[in-house]
Amino acid sequence: MARPQMTPPHTSQARPKALGYLRDDVSGQGWQHDEQAILALATRLGYDLVKTVRMRPDIDDPLHRLLVIVRRLDIAAVITPTLEHIGGPGRICRVCSLITISPEYNWALAYRPFDGSGQ
């Protein structure tokens with residue numbers, strides 16, 4: 001009796017999901033450039049960029065809204081042009097990693113600032 005043909009196990013692993021984030025009041029007219037830079041960095045680092053979220057300056061607590069999206073989409077990292085868009089890594093890094101483009105830096109999940117400010 002012939003042995004049944006076995007298909008090899010699926011070896012490719014899903015890439016971790018990333019979310020781009022920028023604030024319109026910080027990016028200004030350069031928001032498209034910032035979006036392209038987010039996509040380029042996500043691709044280079046091996047993330048699957050799910051989307052880029054742009055927040056208007058009139059949004060109440062934009063960071064809270066971002067965190068809701070991060071949790072709903074099970075995001076591994078948020079990529080943003082600069083810390084100015086976020087305010088500081090503290091709140092984001094309780095949920096996922098934060099990666100900035102300029103300077104290029106990766107704050108890991110559960111980062112805690114030394115001063116305890118949470119920013």
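The exercises below concern the fold and the nonpolar cores of a predicted model.

**Exercise 1.** Determine how many helices and strands the protein has, and in what order the elements run from the N terminus.

*Solution.* Begin with the count, which for the secondary structure of the protein comes to three helices and five strands. Then follow the chain from the N terminus, along which the elements run β-α-α-β-α-β-β-β. As a last step, turn to the contacts with a separation of 6 or more, of which 58% are accounted for by residues 24 or more positions apart.

**Exercise 2.** Find what share of the residues is buried, and describe the accessible surface.

*Solution.* Taking a residue as buried when its relative accessible area is under 20%, one finds that buried residues make up 34% of the 119 residues. The accessible surface comes to about 7800 Å², and 51% of this surface belongs to carbon and sulfur atoms.

**Exercise 3.** Identify the members of the largest nonpolar core that touch the most other members, and state which elements give two or more residues to this core.

*Solution.* The largest nonpolar core has 17 residues, and those touching the most other members are Tyr 21, Leu 66, Val 70, Val 78, Ile 86, Ile 92 and Leu 98. Two or more residues come from each of β1 (17-23), β2 (48-55) and α3 (62-73), with α3 providing the largest share, four residues. Leaving aside residues up to four places away in sequence, Leu 66 touches Leu 19, Tyr 21, Met 55, Val 78, Ile 86 and Ile 92. Another core, of nine residues, lies apart from the largest one and includes Leu 22, Leu 41, Tyr 47 and Ile 99.

Terms used. Residues numbered from 1 in each chain as written. Predicted model: local features only at pLDDT ≥ 70, side-chain atom pairs only at ≥ 80, totals over all residues. Heavy atoms only, no water. Core = buried A, V, L, I, M, F, W, Y, C linked by side-chain atoms within 4.5 Å. Buried < 20%, exposed > 50% of the residue type's maximum accessible area, 1.4 Å probe, protein only. Contact = heavy atoms within 4.5 Å. Areas by Shrake-Rupley, 256 points an atom, 1.4 Å probe, with all protein chains shown as cover.
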